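Thanks, everyone. Let me put the model up, and then we'll go through the metal site, the cysteines and the charged pairs.

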Amino acid sequence: MMPIGPLMIEHRVIEKMIALIDMAVPVIEKTGTVDGRLIDTLVDCIRTYADRCHHGKEEEILFRDLERKKLVEEHRQIMNELIEEHRWGRVKVSQLLQAKEEFVGGKQEALTNILACLKEIASFYPKHIEKEDKHFFLPCMDYFTESERDRMLEEEMDFDREFIHKIYKEKTIQIKHALEKHIL
Ligand SMILES: [Fe+2]
Ligand SMILES: [Fe+2]
């Protein structure tokens, strides 16, 4: 398998997450409210899976190795756009979380921001994914030899193998710090 194989499979999972946002938006609009836990779960899907796990492999493996190659202008430009889009996504998810905090804290008007963020995220991801799937991933593979591609795939597997342990080590530290604040 080429190193873009796992990334394209992950795109299909992210599309399913985005479909959930598309389902949630009309429900929130109709009911005029949202369960903060739903937003927390959606944010976790996007932050942990789509951003840290998926964008993590794109940026720390694929883009890093492309950076070492002499890219044609078109590919360099698309790669810069993709990196910028990843940044935009992180900001938007933080804004969504902020709006959710305000809403659960009693600020009813924050629902407008929640909906705006959800809609922007839902329209952003399909375009970002299409750009990678149809205009970037395959032509980029031509910059690499077969052994370079194999090494990247291996590194992606290692990334995934270590990922779950990294996440839960971090969670353990976060919970410990939160508890220590209450104890001290
Ligand atoms: Fe991406
Ligand atoms: Fe991607």
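How far apart are the iron ion (ligand 1) and the iron ion (ligand 2), and which residue coordinates both? They are 3.2 Å apart, and the shared residue is Glu58.

Ground rules first. This is a predicted model, where local features need pLDDT of at least 70, side-chain atom pairs count only at pLDDT 80 or more, and totals for chains, interfaces and linings use all residues. Residues are numbered from 1 along each chain as its sequence is written, chains are lettered from A and ligands numbered from 1 in the order in which they are written, and side-chain values use heavy atoms, with hydrogens and water left out.

Now, ligand 1. The protein donors of the iron ion (ligand 1) are Glu58 (OE), His86 (NE2), His128 (NE2) and Glu132 (OE). They lie 2.0 to 2.2 Å from the ion. A donor here is an N, O or S atom within 2.8 Å of the metal, or 3.2 Å for Na, K and Ca; water is not among the atoms, so sites may look incomplete. Along the chain, the donors of ligand 1 are spaced E-x27-H-x41-H-x3-E. Glu58 sits in helix α2 (residues 36-67) and His128 in helix α4 (residues 110-135), so this pair ties together parts that are 70 residues apart in sequence. Helices are DSSP runs of H or I, at least four residues, and strands are runs of E, at least two, numbered from the N terminus.

What about the geometry? The four donor atoms of ligand 1 give angles of 87 to 175 degrees, and the site is irregular. The rule: four donors are tetrahedral if all angles lie between 85 and 135 degrees; four are square planar and six octahedral if opposite donors are over 155 degrees apart and all others between 65 and 115; anything else is irregular.

Next, ligand 2. The protein donors of the iron ion (ligand 2) are His11 (NE2), His54 (NE2), Glu58 (OE) and Glu132 (OE), at 1.9 to 2.1 Å. The spacing of these ligand 2 donors reads H-x42-H-x3-E-x73-E. Angles of 82 to 167 degrees among the four donor atoms make the ligand 2 arrangement irregular.

Are these donors buried or exposed? Glu58 is buried, at a relative accessible area of 0%. His128 is buried too, at 2%. His54 is buried at 0%, and His11 is buried at 0%. Buried means under 20% relative accessible area, exposed over 50%, partly exposed in between, using a 1.4 Å probe and protein chains only.

Stay with His11. His11 lies in helix α1 (residues 4-31). Leaving out residues up to four places away in sequence, His11 touches His54, Glu58, Ile129, Glu132, Asp133 and Phe137. Contact means heavy atoms within 4.5 Å. His54 and Glu58 are four residues apart in helix α2, about one turn of the helix.

On to the cysteines. How many disulfides are there? The count is zero, with a disulfide defined as a pair of cysteine sulfur atoms within 2.5 Å. The sulfur of Cys45 is 12 Å from the closest cysteine sulfur, in Cys53, too far for a bond. Cys140 is in no disulfide either: its nearest cysteine sulfur, that of Cys53, is 20 Å away. Cys45 is partly exposed at 22%; Cys140 is buried at 0%.

Last topic: charges. The structure holds 23 salt bridges. Each is a side-chain nitrogen of Lys or Arg within 4 Å of a carboxyl oxygen of Asp or Glu. Three examples.

One, Arg90 and Glu59, at 3.2 Å, N to O. That pair links distant parts of the chain, with Arg90 in helix α3 (residues 73-104) and Glu59 in helix α2, 31 residues apart. Arg90 is partly exposed at 31%, and Glu59 is partly exposed at 26%.

Two, Lys92 and Glu120, at 3.3 Å, N to O. Here helix α3 supplies Lys92 and helix α4 supplies Glu120, 28 residues apart. Lys92 counts as buried at 9%, whereas Glu120 is partly exposed at 33%.

Three, Arg161 and Asp158, at 2.5 Å, N to O. These two are three residues apart in helix α6 (residues 146-183), about one helical turn.

And one network: salt bridges link Arg64, Asp65, Arg68 and Glu155. Thanks.
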